Amino acid sequence: ASTLYSSGGGFSWTFETPSYQSDVVTHYLAGQQGYLPATHYYNAYGRAFPDVSALAEGYQTVFATQNSVEKGSPAVTFAAIVSLLNELRLARNLQPLGFLNPWLYLVAQTHPNAFSDVTEGNNRYGCCGWNGFPASK
C-alpha cells in the first residue's frame, strides 16, 4: 500500500480457513481485538488473503534492454517471480513449484526470517471502509 494505492486483503465469505493458515489466522485475530473492522465486514472463519504481497509501485522492470519504473498489482509481481523460477526449474528438468501456499506457511513458521513481514499500516481503503485490517507480526 502507499499514499496512492491501498492494498486488498481480508477473509473469504466462500472458502473456509485452510489448515495451513489456521494457526496464523487464530494468532492474528486474537492479537487484533479492538483494532479489527466490525464483524459484519468479514468472516473470521474464512480463508485469509493475501498469502503474499510484493511491491506495487516504484519497481523497475527491464524489457528489451529498456528500464522502466512500474506500478501495478502485487499479485502479478509475485506471479511473475514464480513464473521465472518455474522456467529455471523446467530448464533443469525439474518439476514446476506447484501450489506454494502450504509450503510458504511452513517456511514462515520454521524460518521466521525467511520473509520480510509487513508489520505497519493497514488496508483501510480495501474491503472494510475506513477501518481496514491492521498489519501485524
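Tutor: Rings of Phe, Tyr and Trp (its six-membered ring) form an aromatic pair if their centres lie within 6.5 Å; planes under 30 degrees apart count as stacked, over 60 as edge-to-face, and the rest as tilted. The model here is predicted, so local features need pLDDT of at least 70 and side-chain atom pairs count only at pLDDT 80 or more, while totals for chains, interfaces and linings use all residues. Residues are numbered from 1 along each chain as its sequence is written, and side-chain values use heavy atoms, with hydrogens and water left out.

Student: In what pattern do helices and strands follow one another along the protein chain?

Tutor: Helices (H or I, at least four residues) and strands (E, at least two) are DSSP runs, numbered from the N terminus. The protein chain has three helices and four strands. Read along the sequence, their pattern is β-α-β-β-β-α-α.

Student: What share of the residues in the protein chain is buried?

Tutor: Buried means under 20% relative accessible area, exposed means over 50%, and partly exposed is in between (1.4 Å probe, protein chains only). The protein chain has 137 residues, and the buried share of them is 23%.

Student: Among contacts with a separation of 6 or more, what share is between residues 24 or more positions apart?

Tutor: A contact means heavy atoms within 4.5 Å. Take the contacts in the protein chain with a separation of 6 or more; the share from residues 24 or more positions apart is 55%.

Student: How many aromatic pairs does a search of the whole structure find?

Tutor: The ring rule is the one given at the start. Applied to the whole structure, the search gives a count of five.

Student: Is the aromatic pair of Phe11 and Tyr42 stacked, tilted or edge-to-face?

Tutor: The ring centres of Phe11 and Tyr42 are 5.6 Å apart. Their planes make an angle of 40°, and the pair is therefore neither under 30 degrees nor over 60. The class of the Phe11 and Tyr42 pair is tilted.

Student: Why does this pair tie together parts that are apart in sequence, and by how many residues?

Tutor: Phe11 belongs to strand β1 (residues 10–16). Tyr42 belongs to the loop between α1 (22–31) and β2 (46–49), so the parts that the pair ties together are apart in sequence by 31 residues.

Student: Which residue forms an edge-to-face pair with Tyr42?

Tutor: In this pair the centres are 5.3 Å apart and the planes are at 80°. The pair links Tyr42 in the loop between α1 and β2 to a residue in the segment after α3 (101–110), 91 residues apart. The partner of Tyr42 is Phe133.

Student: Which residues do the ring pairs link into a cluster, and are they buried or exposed?

Tutor: The cluster joined by ring pairs holds Phe11, Tyr42 and Phe133. Tyr42 has 9% relative accessibility and Phe133 has 8%, so both fall under the 20% limit. Phe11 is in that class as well. For Phe11 and Tyr42, as for Phe133, the word is buried.

Student: Which two residues are joined by a cis peptide bond?

Tutor: Most peptide bonds are trans. In this bond omega is about 0°, and its proline is in the loop between β2 and β3 (57–63). The two residues are Phe49 and Pro50.

Student: What is the phi of Ala64, and what is that of Asn93?

Tutor: Most residues other than glycine have a negative phi. Ala64 is in the loop between β3 and β4 (66–71) and is exposed, at 56% relative accessible area. Asn93 is in the loop between α2 (74–91) and α3 and is exposed too, at 73%. Phi is positive in each case: near 50° for Ala64, and for Asn93 about 60°.

Student: Which residues does Asn86 touch, apart from neighbours within four places in sequence?

Tutor: Asn86 is in helix α2 and counts as buried at 17% relative accessibility. With the neighbours within four places left aside, Asn86 is in contact with Pro96 and Leu97.

Student: Which residue forms a salt bridge with Asp51?

Tutor: A salt bridge is a side-chain nitrogen of Lys or Arg within 4 Å of a carboxyl oxygen of Asp or Glu. The search of the whole structure finds one, with its closest N and O atoms 2.4 Å apart. Asp51 is partly exposed at 25% relative accessibility, whereas its partner is buried at 18%. That partner is Arg47.
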